[in-house]
Amino acid sequence: MAIALYRSGSIAFYPRFATPEVQCQEIKQILDAGCLVIPSVGIKEGEKLRAKMLIDLGINILLVDVAHGHQQSCLDFIKFLKT
């Protein structure tokens, strides 16, 4: 779907509901096809590892997918990502 969206002029957002390993594997395939994809991460336990895995894959844009972005835990996570 991400490749089809790219071909139609869109950017694909990859949801965070797969395991980090599956998300990275599928995003790698999307990147190999030359498409732009923005993966989502949450802020719960384990999401720092997901973010690191995606960054190590070459991703430089992440979508922080939370319902309440004003919470301190979200702000702390964003500070973590910026470093």
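**Exercise 1.** Which residue of strand 3 does S40 stand opposite?

*Solution.* Keep in mind that you're looking at a predicted model.
- Start with strand 2, which covers residues 37-41.
- Now look across to strand 3: S40 stands opposite L63 there.
- Strand 2 and strand 3 are joined by 2 bridges and run parallel.

**Exercise 2.** Work out the order of the strands in the sheet, and find its edge strands.

*Solution.*
- A bit of background: strands of a sheet pair through backbone hydrogen bonds, either parallel or antiparallel.
- Here you have an open sheet of 3 strands in the order 1-2-3, and the pairing is parallel.
- Strand 1 (12-14) and strand 3 (63-64) are the edge strands, since each pairs on one side only.

**Exercise 3.** Describe how helix 2 sits against the strands and against helix 3.

*Solution.*
- Take the strands to begin with: helix 2 (residues 20-32) lies across strand 1 and strand 2, and runs at about 170° to strand 2.
- Next, turn to helix 3: its axis and that of helix 2 come within 10 Å and cross at roughly 20°.
- Angles under 35 degrees count as roughly parallel, so helix 2 is roughly parallel to helix 3.
- The crossing of helix 2 past helix 3 is right-handed.
- Helix 2 brings P20, E21, Q23, C24, I27, K28 and L31 to the contact, while helix 3 brings R50, M53, L54 and L57.
- Sort the residues of this contact by class and you get 7 nonpolar, 1 polar and 3 charged.

**Exercise 4.** Which element of the protein chain has the lowest mean pLDDT, and which has the highest?

*Solution.*
- Look at the whole protein chain: the average pLDDT is 93, and 100% of the residues score at least 70.
- Then go element by element: helix 1 (residues 2-7) has the lowest mean, 86, and helix 3 (residues 47-57) has the highest, 97.

Definitions and conventions: Residues are numbered from 1 along each chain as its sequence is written. This is a predicted model: local features need pLDDT of at least 70, side-chain atom pairs count only at pLDDT 80 or more; totals for chains, interfaces and linings use all residues. Side-chain values use heavy atoms; hydrogens and water are left out. Two strands pair if DSSP finds at least two bridges between them. Helices (H or I, at least four residues) and strands (E, at least two) are DSSP runs, numbered from the N terminus. Contact means heavy atoms within 4.5 Å. Axes are lines fitted to C-alpha atoms, for helices over the stretch in contact, and angles run from 0 to 180 degrees between N-to-C directions. pLDDT is the predictor's confidence in each residue, from 0 to 100. Angles under 35 degrees count as roughly parallel, over 145 as roughly antiparallel, 65 to 115 as roughly perpendicular and the rest as oblique. A crossing is left-handed if the near helix is turned anticlockwise from the far one by less than a right angle, and right-handed if clockwise. Ala, Val, Leu, Ile, Met, Phe, Trp, Tyr, Cys and Pro count as nonpolar, Asp, Glu, Lys and Arg as charged, and the others, Gly among them, as polar.
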